[in-house]
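Here are some short exercises to try with a structure in front of you. Read each task, have a go, and then follow the worked solution.

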Amino acid sequence: MAAKKSGSRLETEIERCRSEGQWDRIPELVRQLSAKLISNDDLGELLLGEAKLQQYLKENPIKQGYSPRGARPQLVEVRKHLTAALDRGNLKSEYMQEAHLLMAKLSYVEGDYREATSIYSRVGLDEVQLVGIPMYRLSMIAEAYATKGLCLEKVPVASPVSNRNTDRDQEIITCYEKSGDIALLYLQEMEKALSTGLHNRSPKPGPVSQEQELGYFLETGLQRAHVIHFKNGNLTRGVGRFREILRAIETRTTQNLRMTIARQLAEILLRGMCEQSYWSPLEDPPHPSPLDDPLRQASRAKDYALSRRPRVYSGESIFCPQENTEEALLLLLISESMANRDAVLSRIPEHNNDRIISLQSASVVYDLLTIALGRRGQYEMLSECLERAMKFAFEEFHLWYQFALSLMAAGKSARAVRVLKECIRLKPDDPTIPLLAVKLCIGTLHWLEEGERFAKMVVDMGEKASEFRAKGYLAIGLVYSLKASDASLRGMQEEYQKKALGAFQRAQSLSPTDHIAVFYLALQLAVSRQIPEALGYVRQALQLQGDDAHSLHLLALLLSAQKHYHDALNIIEMALSEYPENFILLFTKVKLETVCRGPDEALLTCKHMLQIWKSCYNLTNPSDSGRGSSLLDRAIADRRQLNTMTLPDFSDPETASDSSSVSGSEPSLHFFVSSHHCPPSKPEPPPKPGGHAFCDHALGRRLSSACSVHATSVAASRVEQALSEVASSLQSSAPKQGPLHPWMTLAQIWLHAAEVYIGMGKPTEATACTQEAASLFPMSHNVLFMKGQVAELRGNMDEAKRWYEEALSISPTHVKTMQRLGLILHQLGRYSLAEKVLRDAVQVNSTAHDVWNSLGEVLQAQGNDDAATECFLTALEMEASSPILPFTIIPRTL
């Protein structure tokens, strides 16, 4: 009785060791078993044969592309043990079945695939039960199906008939799918047993069981089926198999496998499936599926029966994706979470290989996340994901660079520059990285000193920079050109302009076929008022790139500077035929049409711009709220010209309440332009606050590259933004939703229309248009300036003076406002103050001919005829080369 109980305990221990893969303990347990139970010699032979075979495979693991080398001494011993157990025939039926399965596995390892296939046929693998059997036998059956599939792939088909080949492929796939399902079931049961044992078993000394390893055969069973599906051009079934594996309840052993499969499925969803061919994981796939190869004969799918299947996640609140990008993103976020959790960060030599594998796996996931999120424009989310990848990124250029690009796309320019600095440290010989930093510094941040340092890095590389050396000089030229615009002293302006010209000439000499270098050289010459030379270079730029919008625009402005307004208008119309939605060109067209064809044509263009804006952005003014269409909608719907329409007078508070109310901070193309750095003065409270926040030029420059490059004070822009936010809080209208740039463009259109009406002497219509812009950006100095223009037109000089003073309190360097305020002070007899204001304006912009003329009038009124004459002559000289709009409305970006 005692011997029977002892044997039972030994058999339980043997079963546990077989399940947990502790093969080194089996020989000792078999020796104890044989000493107590003599009748179990055949079982001992089976156990020793299995232990030695598994030990051999552990020491000589099979890998992909494995080629057998025949019988080895260790394998000869395995065959002796298994043959002895089978020949005597004393084993129980279940153990006899195990011996056959081990013999077939041994035959595969030795390369005798036909023998292995024959053994599996005799055993009747499909009749083996999965219910009520030990866990190790689940693993053995799963390995058997995988081995049978491997053997069938190796053994050629006897008949070359197509149907026979199709049936063989289906049999192979079924073997692998059964193997994968049973393997998942085994791992789930193993996980359950281990967790139960940890809870129920009291801790005792001895080795802790290591984490279960899949091994070659189980891993093949889990991964081979979908590979064959894809190889056969059957993406539908391959994707279905991926989903089946991923829906199974996870175990610790399958975590890495699940991450790999999730990543592979996400890649297929992103690269091989469109929205039209997608089907939900809970739906049946379409038949026939557009994903499958129509030239290949699809194998007939067979639903195989298993008495036990792996448990899957189920429940009512489980999320189910509805389209391919959504499912891919879900899979990649899961993979990213697993990659971050299992990251190997140790830098010690022993962990080097693991760390490299961990990094490579994470990098693939983040690259796919870049594709998935980039398609949807979700750069904010992408930058957050890549920020989590920084734990892997020590000395890893690729992740740093991806992070920098994502920050650029998300509009986080300041942080992107800092990350690019790290990229430069990791790859100091790559000229494209500092060029990207320059692009941010001179485009959106206006960090000109930083931009100059980055540009000089490229130039200092010399021949290493190759073709990018010209870009380096181009970047330096742009920095100096912007510095010249920012400089408040005329001497500094001329010095920077000279440096900019030299840099552009150097860039053009290094890359004579680059139209951008020639264009910026022409633009800088134009800004310096060297009109004939600029014309020559802009024509050269157009010979290199005939449809460049900026070159065509510059040519039109240069022609207008020579007073060839009709020719300039023809150029603008030709450019608009290529770029019909370019609002910078349309604003210039309005100015030219006012001169050439009269204000009626200009108003038609304003109406056309409103139609383009409506069709491009398709946005709704939130303040309409069912109270009738806005002025925008009425202007578009009315077939008459704007000058024949009846527009409401927004000086009436009842009518004014119907205006739109939205916010924005996008930079302007012309009207929303300020000048040089200057400390702001404290603004007075506006008489009629309304609308939402408007951020002036310097701050707005961070949001768009299509802005004027004339700089302004950042402090002034913050004052303007703060005032707009205060004014916004006083209104009851709903806040604007959506992007900022469309609303900024709409405000510019209304201001251009208002200016045309002012030129026609129609203050009512000008007030209506100005109020439309004011409802968008109530504290814009440009809106306040236009209100002052309207007040002047009405003859109310005190009100105009108040509006101009408020505009200057927000942007103290707005030259147009300074000029008009100087004239009003002149009319009021305050000559000294008028002279002070106009001299400050000349200091800001020495090429403004109207300011020189106004200054001459003030000096003449004071009796200073000599100085007045000099001012009038300067005004004539400047006017002779003055374009219809400033050259600086053309953006200067890399």
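Two residues are in contact when they have heavy atoms within 4.5 Å. Keep in mind as you work that this is a predicted model.

**Exercise 1. The whole chain**

Find out which share of the contacts with a separation of 6 or more comes from residues 24 or more positions apart, and how many helices and strands the protein chain has.

Solution.
- Step 1: Take the contacts in the protein chain with a separation of 6 or more; residues 24 or more positions apart account for 70% of them.
- Step 2: Turn to the secondary structure, where you will find 38 helices and zero strands.
- Step 3: Look at burial: the chain has 894 residues, and 55% of them count as buried.
- Step 4: Finish with the surface. The accessible surface is about 40200 Å², and carbon and sulfur atoms contribute 51% of that area.

**Exercise 2. Two loop residues**

Decide whether Glu395 and His446 are buried, partly exposed or exposed, and describe the phi angle of Glu395 and of His446.

Solution.
- Step 1: Locate Glu395 in the loop between helix H14 (379–388) and helix H15 (397–409).
- Step 2: Glu395 has 40% relative accessibility, so it counts as partly exposed, given that this class lies between 20% and 50%.
- Step 3: Now find His446, in the loop that connects helix H17 (432–445) and helix H18 (448–460).
- Step 4: His446 is buried because its relative accessible area is 13%, and buried means under 20%.
- Step 5: Check the backbone. Phi of Glu395 is positive, near 60°, and His446 has a positive phi of about 60°.
- Step 6: Recall the usual pattern: most residues other than glycine have a negative phi.

**Exercise 3. A patch on the surface**

Which residues form a nonpolar patch with about 270 Å² of accessible area together, and in which helix does Leu330 lie?

Solution.
- Step 1: The patch on the surface is formed by Phe319, Leu330 and Ile334.
- Step 2: Leu330 belongs to helix H12, which covers residues 324–341.
- Step 3: With a relative accessible area of 31%, Leu330 is partly exposed.

**Exercise 4. Cysteines**

Count the disulfides, then say whether Cys320 is buried or exposed, and do likewise for Cys596.

Solution.
- Step 1: A disulfide needs a pair of cysteine sulfur atoms within 2.5 Å.
- Step 2: By this rule there are zero disulfides.
- Step 3: Cys320 is buried, because its relative accessibility is 16%.
- Step 4: Cys596 has 17% relative accessibility, so Cys596 is buried.

Key:
Residues numbered from 1 in each chain as written. Predicted model: local features only at pLDDT ≥ 70, side-chain atom pairs only at ≥ 80, totals over all residues. Heavy atoms only, no water. Buried < 20%, exposed > 50% of the residue type's maximum accessible area, 1.4 Å probe, protein only. Patch = residues over 30% accessible without salt bridge, like charges linked within 9 Å, V, L, I, M, F, W, Y side chains within 5 Å. Areas by Shrake-Rupley, 256 points an atom, 1.4 Å probe, with all protein chains shown as cover. Salt bridge = Lys/Arg side-chain N within 4 Å of Asp/Glu carboxyl O. Helix = DSSP H or I, 4+ residues; strand = E, 2+ residues; numbered from the N terminus.
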